[in-house]
Amino acid sequence: MDFKSMKNYIYWLYCQFELITCSYLMEPWEKLLFYTFNIAMLVMVLYTAYIFVPVRISTAFQFFLHLFGSQHENTVSIVK
C-alpha cells in the first residue's frame, strides 16, 4: 500500500467519523471539547480493561478449574 492511498484512506475514515457523530456541524471549540471528552472516556475504558479484565479472567479460570474438579495442591505439604 502506498503512502498517498493510506493517507487518503485515513482522511476518508475521519470524514466518516465526522458524518456519523455530526461533529462537522460543530464550531472548532465545540469539536475540541467533544474530542477531548471522547478521548478521555476511551483512555479510561482502556485503562480499566487493562487493570480489571486480567484479574476477572484469572478468577473465572480458577472458579471453573475448581468447578470441574481440578483442584490446586496445597502449598504446604506435611512430610513425615
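Helix 1 comprises 19 residues, which at 1.5 Å a residue should span 27 Å; the end C-alpha atoms of helix 1 are 27 Å apart, so the two values agree. The model described here is predicted. Immediately after helix 1, C22 adopts a positive phi of about 60°.

Helix 2 runs over residues 28–67 and contains 40 residues. From its first C-alpha to its last, helix 2 reaches 56 Å, close to the 58 Å expected at 1.5 Å a residue. The path of helix 2 includes a bend of about 35° at F52, and the proline P54 follows within four residues. After helix 2 comes G69, whose phi is positive, near 95°.

The spans of the two helices are set out below.

| Helix | Number of residues | Expected span | Span between end C-alpha atoms |
|---|---|---|---|
| Helix 1 | 19 residues | 27 Å | 27 Å |
| Helix 2 | 40 residues | 58 Å | 56 Å |

An unreviewed UniProt entry annotates residues 32–53 as "transmembrane region". In the model, the chain over residues 32–53 is 100% helix and 0% strand, and the C-alpha atoms at the two ends of this stretch are 31 Å apart.

How are helix 1 and helix 2 arranged relative to each other? The axes of helix 1 (residues 3–21) and helix 2 come within 14 Å and cross at roughly 95°. Because angles of 65 to 115 degrees count as roughly perpendicular, the two helices are roughly perpendicular to each other. Helix 1 contributes Y14, F17, E18 and T21 to the contact, while helix 2 contributes K31, F34 and Y35. By class, the residues of this contact comprise four nonpolar, one polar and two charged.

K31 belongs to helix 2. Leaving aside residues up to four places away in sequence, K31 touches Y14, E18, S23, Y24 and M26. Of these partners, E18 lies 13 residues from K31 along the chain, and the C-alpha atoms of K31 and E18 are separated by 10.0 Å.

Technical notes
Residues numbered from 1 in each chain as written. Predicted model: local features only at pLDDT ≥ 70, side-chain atom pairs only at ≥ 80, totals over all residues. Heavy atoms only, no water. Expected span 1.5 Å × (residues − 1). Bend = angle between axes of the 7 residues up to and from the residue. UniProt positions renumbered as here; feature names shortened; annotations may be inferred. Axes fitted to C-alpha atoms, helices over the stretch in contact; angles between N-to-C directions. Parallel < 35°, antiparallel > 145°, perpendicular 65-115°, else oblique. Contact = heavy atoms within 4.5 Å. Nonpolar A, V, L, I, M, F, W, Y, C, P; charged D, E, K, R; others polar.
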